[in-house]
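User: Here is a single-chain model that I would like to go through with you. Could you take my questions one at a time?

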Amino acid sequence: MLTTRLCTLLGIDFPIINAPMTGTASAELATAVSKSGAFGMIGSNLDPDPSWLKEQIQAVREKTSSPFGVGFISSAPGLEKSIQSALDAKVTAISHSFVDPTDLINQAKGSGVKVFAQVQTLANAKKAVNAGADVIIAQGNEAGGHTSYLGTLSFVRAVVKIAGDIPVVAAGGIADGPGLAAALMLGAEGAWMGTRFVASLEWAGPEWAKGQVILADADDTVLTKVYDLVSDAPFDMEVIGDRVISNTFTDRWHGQEAEMMAHQSELSEDIATATAAGDATTAPVRAGGASGLIRSIEPASYILREIISQAEDVLRNRPQKLLGG
Ligand SMILES: Cc1cc2nc3c(=O)[nH]c(=O)nc-3n(C[C@H](O)[C@H](O)[C@H](O)COP(=O)(O)O)c2cc1C
């Protein structure tokens, strides 16, 4: 059976973690992933009031005793109470992303809660190593949503080389068994997947967005700043982009950001209206290049079984073919 150091560390069967997609990786997805033997994550919302997050943690606990965690967009302001409530609830792990993780790793020390640091630069990967993160998620630019400008293949490898004994998990562009097997060959101990779980029954975002993912091909996404600029999103745009499915809005404004910002308030309204109406020509659908590998919306349990069985098959058979054994 396929197992890695990540499985031992977290007490799980399969070395897969669902990405903590803000507000849309809710209790339902985290429960389904954890119950299936992988590691489920709730994506905390951005509300300074931690009530929603507390309810989600409780909802997972009512359905499973399997380990699970909570992830944060740690560059967003006002999340102190939510972070503290996840630590107080003693979830198995929390993840911090899009920031220098040093202080947040130190804050969790002694709480009994493990800390994952999702990093987008080698500088922050080194800080995560020095601060003693329990797991480092190396996120490459194929990822859906907010992500690095560095390619997954070389960035994961670079992080593995500096991480010492800290398990590294690969994120960005992995949606099937061969992708997981490749990440393990790079020295990662598992895969962290967002886009594949957008097209799951349990993802709490809108159905029209799931539909866009299963229609998109590998070359239908763009790494852009347009939506972040219009919405003043809390990301360091020097090092973090936003991968979305290309649409009329990105075709018009990507590369024309200065002109776009002259219309910021009206475009912001257009995006809100389109999002409410499910109009994917203007609304952002955050998804990565792995969309091209996804053709159906499935239960998370089915997705996980398929990926593990494909990965085991590749890892068993491909080396023999390559090495002539
Ligand atoms: C719809 C969507 C929302 C996301 N939201 C978050 C988030 O709130 N916090 C976070 O740390 N990462 C978020 N991500 C990025 C993921 O954590 C992850 O790195 C990425 O999905 C991995 O690449 P993949 O999409 O190719 O699987 C999001 C990704 C997607 C697709």
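**Core, domains and local geometry**

The largest nonpolar core of this predicted model holds 95 residues, and Ile94, Phe116 and Phe197 have the most contacts inside it. Helix 15 (residues 300-323) gives the largest share of this core, six residues.

User: Where does this core lie with respect to domain 1 and domain 2?

Analyst: The chain is divided into domain 1 (5-204 + 300-323) and domain 2 (207-277). Both domains give residues to this core, so the core lies between domain 1 and domain 2.

User: Which residues does Phe197 touch, leaving out those up to four places away in sequence?

Analyst: Phe197 is among the residues with the most contacts inside the largest nonpolar core. Not counting residues up to four places away in sequence, Phe197 touches Ile16, Asn18, Met21, Leu29, Val33, Trp203, Ala300, Ile303 and Leu304.

User: How many residues does the other core have, the one that lies apart from the largest?

Analyst: Val226, Tyr227, Phe249 and Trp253 are among the members of that other core. The core has 10 residues.

User: What distance separates the centres of domain 1 and domain 2, and how many residues of each take part in the contact?

Analyst: Taken over C-alpha atoms, the centres of domain 1 and domain 2 are separated by 24 Å. The contact between them takes 22 residues from domain 1 and 16 residues from domain 2.

User: Is Thr24 buried or exposed?

Analyst: Thr24 is found in the loop between strand 1 (16-18) and helix 2 (27-35). Leaving aside residues up to four places away in sequence, Thr24 touches Trp203, Ala204 and Gly205. The cut-off for buried is under 20% relative accessible area. Thr24 has 18% relative accessibility, so it counts as buried.

User: What is the reach of helix 3 (residues 51-63) from its first C-alpha to its last?

Analyst: Helix 3 has 13 residues, for which 18 Å is expected at 1.5 Å a residue. The reach in the model is close to that value, at 19 Å.

User: Why are the buried residues of helix 3 on the same side?

Analyst: The buried residues in helix 3 are Leu53, Gln56, Ile57 and Val60. They are on the same side of helix 3 because they cover an arc of only 100 degrees around the axis.

User: Which residues are exposed on the other side of helix 3, and which elements do the buried ones pack against?

Analyst: On the other side of helix 3, the exposed residues are Glu55 and Glu62. The buried residues of helix 3 pack against helix 2, strand 2 (40-43), strand 3 (68-73) and helix 4 (80-88).

User: In strand 3, which residue is the bridge partner of Met41?

Analyst: Strand 2 is covered on both faces, with Gly40 and Ile42 buried on one side and Met41 and Gly43 buried on the other. Strand 2 and strand 3 run parallel and are joined by four bridges. In strand 3, the bridge partner of Met41 is Gly69.

User: In strand 11 (residues 241-245), which residue is the bridge partner of Leu223?

Analyst: In strand 10 (residues 221-224), Thr221 and Leu223 point one way and Val222 and Thr224 the other way, and all are buried. Strand 10 pairs with strand 11 in the antiparallel sense over four bridges. The partner of Leu223 in strand 11 is Arg243.

User: Is Lys90 buried or exposed?

Analyst: Lys90 is in the loop between helix 4 and strand 4 (93-97). Although Lys90 is not a glycine, it has a positive phi of about 55 degrees. Exposed means over 50% relative accessible area. The relative accessible area of Lys90 is 53%, so Lys90 is exposed.

User: What is the phi of Asp232?

Analyst: Asp232 is in the loop between helix 11 (226-231) and strand 11. Its relative accessibility is 60%, so Asp232 counts as exposed. Asp232 is not a glycine, yet its phi is positive, at about 50 degrees.

User: How far apart in space are Ala108 and Ile297, C-alpha to C-alpha?

Analyst: Ala108 lies in helix 5 (residues 102-108) and counts as buried, at 2% relative accessibility. Not counting residues up to four places away in sequence, Ala108 touches Leu87, Val113 and Val115. Ala108 and Ile297 are 189 residues apart in sequence, and in space their C-alpha atoms are 36 Å apart.

Methods
Residues numbered from 1 in each chain as written. Predicted model: local features only at pLDDT ≥ 70, side-chain atom pairs only at ≥ 80, totals over all residues. Heavy atoms only, no water. Helix = DSSP H or I, 4+ residues; strand = E, 2+ residues; numbered from the N terminus. Buried < 20%, exposed > 50% of the residue type's maximum accessible area, 1.4 Å probe, protein only. Contact = heavy atoms within 4.5 Å. Core = buried A, V, L, I, M, F, W, Y, C linked by side-chain atoms within 4.5 Å. Domains from an automatic or database assignment. Expected span 1.5 Å × (residues − 1). Arc of directions from axis to C-beta. Pairing = 2+ DSSP bridges.
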